[in-house]
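This report goes through one protein chain, from its strands to single residues and its surface. Please keep the structure in view while reading.

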Amino acid sequence: CYSRGLHPNTVSLFRDGVRASAPQLLPDSLRNKVLFPAVSFKNLSVHVNCGQQCFAPLPFRCRMLQDASADDVQVLRHQEPTDGKYEVLFPVCLPDRG
């Protein structure tokens with residue numbers, strides 16, 4: 001979720017409603033920019049909640065991404081292909097080879 005409260009311009013990781021890391025300050029180059037949620041880990045699975053409600057209560061009040069006001073987000077529309085066919089890429093990697 002995003003907040004303008006105690007830790008503005010930071011990103012934090014929460015697990016089951018408990019802060020799992022200290023707030024990380026965003027670099028100056030990312031402040032006041034549109035940020036796209038992205039998570040990348042190796043050899044594990046991650047469940048990310050971008051819904052309207054938190055899975056577990058947080059120690060503060062904030063609005064979730066899907067519940068954000070229009071002033072706080074930028075909605076991008078995808079352009080439909082002229083032939084109606086979409087291209088899908090499936091990255092394939094071999095263990096220990098990248």
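Helices (H or I, at least four residues) and strands (E, at least two) are DSSP runs, numbered from the N terminus. This is a predicted model, in which local features need pLDDT of at least 70 and side-chain atom pairs count only at pLDDT 80 or more, while totals for chains, interfaces and linings use all residues. Residues are numbered from 1 along each chain as its sequence is written, and side-chain values use heavy atoms, with hydrogens and water left out.

**The chain as a whole**

The chain has 0 helices and 4 strands, and its elements follow the order β-β-β-β from the N terminus on. Its radius of gyration is 17 Å, well over the 13 Å that the globule rule gives for 98 residues, so the chain is more spread out than a compact globule. Here the radius is taken over C-alpha atoms, and the globule rule is 2.2 Å times the number of residues to the power 0.38. Along the principal axes, the C-alpha trace spans about 45 × 40 × 30 Å.

Of the 98 residues, 7% are buried. Buried means under 20% relative accessible area, exposed means over 50%, and partly exposed lies in between (1.4 Å probe, protein chains only). The chain exposes about 9400 Å², and carbon and sulfur atoms supply 53% of this area. Accessible areas come from the Shrake-Rupley method with a 1.4 Å probe; for residues, only the protein chains shown count as cover.

Among contacts (heavy atoms within 4.5 Å) with a separation of 6 or more, 36% join residues 24 or more positions apart.

**Phe14 and its contacts**

Phe14 lies in strand β2 and is partly exposed, at 23% relative accessibility. Which residues does Phe14 contact, leaving aside its neighbours within four places in sequence? They are Arg19, Ala20, Leu58, Pro59 and Phe60. Gly84, 70 residues away from Phe14 in sequence, is 40 Å from it in space, C-alpha to C-alpha.

**Two residues with positive phi**

Asp16 and Asn32 each have a positive phi in a residue other than glycine. The table gives their places and values.

| Residue | Phi | Place | Relative accessibility |
|---|---|---|---|
| Asp16 | near 50° | loop between β2 (14-15) and β3 (18-19) | 66%, exposed |
| Asn32 | near 60° | segment after β4 | 80%, exposed |

**The segment after β4**

Pro27 is also found in the segment after β4, and it is partly exposed, with a relative accessible area of 44%. The C-alpha atoms of Pro27 and Thr10 are 9.0 Å apart, with their positions 17 residues apart along the chain.

How many salt bridges does the structure hold? It holds 1, counting a side-chain nitrogen of Lys or Arg within 4 Å of a carboxyl oxygen of Asp or Glu. Asp28 and Arg31 form a salt bridge, and their closest N and O atoms are 3.6 Å apart. Asp28 counts as exposed, at 62% relative accessibility, whereas Arg31 is partly exposed, at 25%.

**A nonpolar patch**

Val39, Phe41, Leu44, Val46 and Val48 make a nonpolar surface patch of about 460 Å². Leu44 lies in the segment after β4 (24-25). Patches are made of residues with over 30% relative accessible area and no salt bridge; like charges are joined within 9 Å, and nonpolar side chains (Val, Leu, Ile, Met, Phe, Trp, Tyr) within 5 Å.
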